[in-house]
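Good morning. I will go through a few places in one protein chain, one at a time. Please keep the sequence and the structure open while I talk.

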Amino acid sequence: MKYSAYYVQEADGNFSASIVELDLIKPADGFVQIHVSHSSLNYKDALSATGVKGVTRNYPFVPGIDAAGVVTDSASTLFSEGDEVIVTGYDLGMNTPGGFGEFISVPADWVVKKPSNLSMLEAMSIGTAGLTAGASVLKIIDSNPSSELPILVTGATGGVGSVAIMLLSKLGFDVCALTGKPEANSFLTQLGATSIIIRSDYLDAPAKPMARPMYAGAVDTVGGSILGKLLSEIAPHGLVSCCGNVGGMELNTTVFPFILRGISLCGIDSAESAIEFKKGLWERFSNDWKLDLSASTKEISKDQLGEEIQKILQGSQQGRVVLNHKE
């Protein structure tokens, strides 16, 4: 039996992608085979699809770090044929063929049963980006932030940023969105942002070792100079969830925000989180954290992936992009 996949190949250092038919094989002991219904497009997928070796070591390869579908063959006692499941992160779509193929075979301990009140599309509208946003927001909630100041979300139009804004707004926080896209004001307001800052304006103002407290906490998806600046603007005992580095991997700051205000900088890596932690996030997203992401989600087919990958690399993607294998 064969299945269709978005297949990235390398020739003389050049990378190209096409839709091909691959052979389906039986799952190894402890693995489950999943017929993928939906996947989603993340920044890491775009890197894998364009040959960034820090993500994927060997090609040819099928990217896709997220997948939702139905178990079709199980060599594990944890899952049975017909189970509706979700897989996010770990090695999926990095060095294990991922959700841009119609079938995947993965270790059973990477797999979560899909909550019954989430559709496949809804689950992949959340995906790794949504779990990252959820883990970031959970850290902020646990820090008991001030109710008088907003929470700052950087990279606000991206997958993590957009879900974080919606979730924080749903939970009753004022949200300040920081973006490099002046044209996105309406989009961000619809997500729930109560104020918007343009990135160039923010960075034009000189950074200070200590600035007036402006934010009760922050979800930072960008890193670099933006993270370095916002740390000095966090209120006493506030927390910053750090989950991205598209703005740079270096951090230029001082110890003052930490020792004079007692703020916390917390790293977030939902992809490698324990499976029980992921199960807990999925339960929240299917119940008290349930969001309507339909207006901020674009559903595509495999032959549209190339165009969307270029958008995410250029920083022009808004919201979530979900691959529907049936399209």
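A polar contact, as I use the term, is a pair of N or O atoms within 3.5 Å, where one must be able to donate a hydrogen and the other to accept it. One more thing before we start: this is a predicted model.

Let us begin with Lys 181. Find the loop between β9, residues 175-179, and α4, residues 185-191; Lys 181 sits there. Is Lys 181 buried or exposed? Lys 181 is buried, and yet it has no salt bridge. The nearest side chain of opposite charge belongs to Glu 183, at 6.2 Å. A salt bridge needs a side-chain nitrogen of Lys or Arg within 4 Å of a carboxyl oxygen of Asp or Glu, so Glu 183 does not qualify.

What does the side chain of Lys 181 reach, then? One partner is the backbone oxygen of Gln 317, at 2.8 Å. A polar atom of the Lys 181 side chain also lies 2.8 Å from the backbone oxygen of Gly 315. If we set aside residues up to four places away in sequence, Lys 181 touches Thr 157, Gly 315, Ser 316, Gln 317 and Gln 318.

Next, helix α2, residues 120-142. Where is its kink centred? The kink is centred on Gly 127, and the angle is about 60°. The helix is mostly covered, with 18 of its 23 residues buried. Just past the end of α2 comes Asn 144, which takes a positive phi of about 55°.

From there we can go to helix α3, residues 159-170, which contains Val 160. With a relative accessibility of 17%, Val 160 counts as buried, because the limit for that word is under 20%. Which residues does Val 160 contact, leaving aside neighbours within four places in sequence? They are Ala 129, Thr 132, Ala 133, Thr 221 and Cys 243. Now compare Val 160 with Asp 174: they are 14 residues apart in sequence, and their C-alpha atoms are 17 Å apart in space.

On to the cysteines. How many disulfides does the structure hold? The count is zero. Take Cys 242 as a case: its closest cysteine sulfur is in Cys 243, 6.8 Å away, which is too far for a bond. For Cys 266 the closest cysteine sulfur is in Cys 242, and at 9.1 Å that is also too far. The cut-off is 2.5 Å between the sulfur atoms, so neither pair meets it. As for their surroundings, Cys 242 is partly exposed at 22% relative accessibility, whereas Cys 266 is buried at 16%.

Last, some backbone details. Tyr 59 and Pro 60 are joined by a cis peptide bond, with omega about 5°. Pro 60 is in the loop between α1, residues 43-49, and β4, residues 66-74.

Two residues have a positive phi although they are not glycines. Asp 12 has a phi of about 55°, and it is placed in the loop between β1, residues 2-11, and β2, residues 14-23. His 237 has a phi of about 65°, but His 237 is found in a strand, β12, residues 234-242. Are these two residues buried or exposed? Asp 12 is exposed, with a relative accessible area of 81%. His 237 also counts as exposed, at 59% relative accessibility.

That is the end of my list.

Note on methods: Residues numbered from 1 in each chain as written. Predicted model: local features only at pLDDT ≥ 70, side-chain atom pairs only at ≥ 80, totals over all residues. Heavy atoms only, no water. Helix = DSSP H or I, 4+ residues; strand = E, 2+ residues; numbered from the N terminus. Buried < 20%, exposed > 50% of the residue type's maximum accessible area, 1.4 Å probe, protein only. Lys, Arg positive; Asp, Glu negative; His and termini not counted. Contact = heavy atoms within 4.5 Å. Bend = angle between axes of the 7 residues up to and from the residue.
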